Amino acid sequence: MVRRAASVHRGATPVRTCIGCRKRAPASQLLRFVAVGTGAELRLLPDPARRLPGRGAHVHPDPACFALAERRRAFGRALRLTGVPDTGPLAEHVRAAHMPHGATDGGALGPTRIRKVGRPT
């Protein structure tokens, strides 16, 4: 009879590493993406359903982690790519996923001003 280790059990959630911040998290909290195309048409596509074929990599759906991954050039290493992928579709997906519901400008106007109520000074 083969015994399994105590930490491995049926139904365990998979853990992945974010290529931006390098922190480990459950795969359900990270965004999976894959590389599609070849040569100059190489681009990254989000795979929220985790069903696209090919090697995938994971990043937190946070613009800060995405920017850190871009700065570190982690996309090519994580996916074992030789070319430079187009990160546009993935950046748009991360920005849309991080935007609060009802917001339309992505925070481009900056923080709202707080007006004091009462007598003018």
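The protein chain of this predicted model has a mean pLDDT of 80, and 74% of its residues reach 70 or more; pLDDT is the predictor's confidence in each residue, from 0 to 100. Over residues 106-114 the pLDDT is below 50, and this stretch has 1 contact in the model beyond near neighbours in sequence, where contact means heavy atoms within 4.5 Å. Where pLDDT is low, the predicted coordinates should not be read in detail.

Local features need pLDDT of at least 70, side-chain atom pairs count only at pLDDT 80 or more, and totals for chains, interfaces and linings use all residues. Residues are numbered from 1 along each chain as its sequence is written, and side-chain values use heavy atoms, with hydrogens and water left out.

The largest nonpolar core (buried Ala, Val, Leu, Ile, Met, Phe, Trp, Tyr and Cys residues joined through side-chain atoms within 4.5 Å) holds 19 residues, of which Ile 19, Phe 33, Val 59, Phe 75 and Leu 90 touch the most other members. The elements giving two or more residues to this core are tabulated below; helices (H or I, at least four residues) and strands (E, at least two) are DSSP runs, numbered from the N terminus.

| Element | Residues |
|---|---|
| strand E3 | 31-36 |
| strand E5 | 56-59 |
| helix H1 | 63-71 |
| helix H2 | 74-79 |
| helix H3 | 88-98 |

H2 gives the most to this core, with 4 residues.

In H1, the buried residues (under 20% relative accessible area, 1.4 Å probe, protein chains only) are Cys 65, Phe 66 and Ala 69. Seen down the axis of H1, they fall within an arc of 100 degrees, so they line one face of the helix; the arc is that of the directions from the helix axis to the C-beta atoms. Their cover includes E5, H2 and H3.

Note on methods. Buried means under 20% relative accessible area, exposed over 50%, partly exposed in between (1.4 Å probe, protein chains only).
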